[in-house]
Amino acid sequence: MEKRAGFLDRLFHLTEHGTDIKTEIIAGITTFMTMAYILIVNPSILSAAGMDKGAVLTATALAGFIGTILMAGFANYPFALAPGMGLNAFFAFTVCKQMGYSWEMALAAVFIEGLIFIVLSLTNIREAIFNAIPFNLKQAVSAGIGLFIAFIGMGTANIIVANPATKISLFSFKGALTAGTFASTGTPVVIAIFGILFTSILLAKNVKGNILWGVIATWVLGMICEATGLYVPNPELGAFSTFPHLPNGIASLWPASISPIFFKLDFSQILTFNFIVVLFSFLFVDIFDTLGTLVGVSTKANMLDENGKLPNIKGALLADAVATSIGAILGTSTTTTFVESAAGVSEGGRTGLTAVTVAVLFIISLFLSPIFMAIPGFATAPALVVVGFLMFTSVAKLDLSDITEAVPCYLAILSMPFFYSISEGISFGVISYVLINLFCGKTNKISILMYILAIIFIAKYILL
C-alpha cells in the first residue's frame, strides 16, 4: 500500500500540491456526482437530432473518460471533461432542427473544430488569450461562474422556475398545493433547500467531503420521502424515481453499442458558407467557455502563478482540443472542460488524480448507469449552489475603487447567469474593458490582444 501511495505521489506530485490520495479521490467522486446529469441530458438532447439515445449515452461516457484522462495526463489538473451543455443544444436544435443539417454533418463540424483547436493550442494562441485577460477580469470570471453554477443548480431543483410575467420566479408552493401536485413538484424543492442548508452547515463546520456528503444526504432524504409517500414520482411533471431501476434485469447494466453513431462524419458540405458559419459558432463558444472555466476554477483553486498565468495551460487546452475531435468520432457533440470541476476543487482536488477518479467513474457508469441515473437533480443542486458561493467569493479580491476596472468586471459577472453563458460573460467583460479604458485615456492598460479580442467579439454579434 505504501509503495502504491508513493507511486501515485510521484506521478501526480501530490505532496508538492499539498494534497493526498484520499482528498483527491473524494474530490473526484464529488465532481462526477455533480456532472453525472450529462449522462442523462446529453442523450436526451442529441436524440432530438435523430441520434440513437442508447448509443449517445455510451459515447457520452466514453468521451468523458477519454477527455478527463487526457486532462490528467497532459496537464495533471483536477478538471473533468464531457460533452458540454449549451453546445449540445446548439448542435441538436439549431444546426440540425432549425438549419436542417444532418447530425452527421454537425459531427463533422465538431471534428474539424477540434482539429483547429489542436493547432491553436500548439501555437500558443489560446494560451495567449488566457494570459491577456487582466487580473481583475479573471477574478470576475470566477465570481460570474459562481452565480452561473448557482443559477443552474436552482433551476435543476426547480427552486426557480420560468414565469411569463417576470421571466423567472420562485417556485410557487401555494400553486403546487392548489394543483394537487405538491408531492411531485413541491417536495423536491423542499428537499433541495434542506440540502443547501445541510451542505452549508457541513461547510461551516469544515467537515471533510462536505459537498459529497451533502449530495448523498439529499439523495437519501429523497428516497425516504419516496418510500413514505411524501414524494411521488411523475415523469410527466419531471419528477423521477430516486431508486435505481433495472427494466430488463441484469441486462440493463450492459452498455448500448455506439455503432449507430460511431465515425458517422459527413464532410460533403464542408465548403459551403453555412458549414463554415456552424463551424465557427462551435469554435467560438467552445474556446471561450473552456477558457472561462479554466480561468474561473483555477483562480478559485489558487493555481495561477504570481503573474496570473496558469502553469501547464497548454496541456489543459490540448486535452480539451483532442477530446473534442475524439468525441465527434465517437458520436457526440463538443467535449469540453466542465465548470462542475469546481465542486472537486472546492473539496481540495488539485491534481490529475482527481481527474483520473472522475474518468474511472465514467467507465463504471457504463455498467452501473441505472444507479447514477437515479441521482435526482434536486440532490446535486445543493452542491452546485454551495460551489457557486465558493467561487463567488472571488469578488472580494476585486479592486472596485477604479471604475474602469470595476464596471467591466460587474458586466462580466452579471452576463454569465443572465445570458446563461460563460463565453458571453467574457465577451461583455472584454468589450467593456477595452472601450471604457480607451475612452478614459487609459490605453496603457490595454494589450494588443485585448483590442483584437474586443473586435472579434463585436464582429461575432454582427455576423453570427
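Start by selecting F262 in this predicted model: with a relative accessibility of 38%, F262 counts as partly exposed, because the partly exposed class runs between 20% and 50%. Now add F263 to the selection. F263 has a relative accessible area of 53% and is therefore exposed.

Keep both side chains on screen and look at their rings. The ring centres of F262 and F263 lie 6.0 Å apart and the ring planes meet at 70°, so this is an edge-to-face pair. Next, display the backbone of F263, which sits in the loop between α11 (210–228) and α12 (273–300). What is the phi of F263 near? Phi is near 55° there, a positive value in a residue other than glycine.

For another positive phi, jump to N76, in the loop between α4 (53–75) and β1 (81–83). N76 is not a glycine either, and its phi is near 55°. Is N76 buried or exposed? N76 has 12% relative accessibility, so it counts as buried.

Back to the rings: the structure holds 13 aromatic pairs. Select F32 and F362 for one more of them. Their ring centres are 5.2 Å apart with planes at 85°, which makes the pair edge-to-face because the angle is over 60 degrees. Show the ribbon as well: F32 belongs to helix α2 (residues 21–35) and F362 to helix α15 (residues 352–367), so the pair ties together parts that are 330 residues apart in sequence. Both F32 and F362 are buried.

Then select F148, F151 and Y420 together; ring pairs link these residues into a cluster.

The last stop is a helix pair. Colour α6 (residues 103–122) and α13 (residues 313–330), which pack at an angle of about 160° with their axes 8 Å apart. Why call them roughly antiparallel? The angle of about 160° is over 145, so α6 and α13 count as roughly antiparallel to each other. Their crossing is left-handed.

To see what makes the contact, turn on side chains in both helices:

- From α6, pick out residues including L107, V110, F111, L115, F117 and I118.
- From α13, pick out residues including K314, L317, L318, D320, V322 and I329.

Finally, colour the contact residues of α6 and α13 by chemical class: they divide into 13 nonpolar, four polar and three charged. E113 of α6 is one of the residues in this contact, as are G114 of α6 and T324 of α13.

Conventions. Residues are numbered from 1 along each chain as its sequence is written. This is a predicted model: local features need pLDDT of at least 70, side-chain atom pairs count only at pLDDT 80 or more; totals for chains, interfaces and linings use all residues. Side-chain values use heavy atoms; hydrogens and water are left out. Axes are lines fitted to C-alpha atoms, for helices over the stretch in contact, and angles run from 0 to 180 degrees between N-to-C directions. Helices (H or I, at least four residues) and strands (E, at least two) are DSSP runs, numbered from the N terminus. Angles under 35 degrees count as roughly parallel, over 145 as roughly antiparallel, 65 to 115 as roughly perpendicular and the rest as oblique. A crossing is left-handed if the near helix is turned anticlockwise from the far one by less than a right angle, and right-handed if clockwise. Contact means heavy atoms within 4.5 Å. Ala, Val, Leu, Ile, Met, Phe, Trp, Tyr, Cys and Pro count as nonpolar, Asp, Glu, Lys and Arg as charged, and the others, Gly among them, as polar. Rings of Phe, Tyr and Trp (its six-membered ring) pair if their centres lie within 6.5 Å; planes under 30 degrees apart count as stacked, over 60 as edge-to-face and the rest as tilted. Buried means under 20% relative accessible area, exposed over 50%, partly exposed in between (1.4 Å probe, protein chains only).
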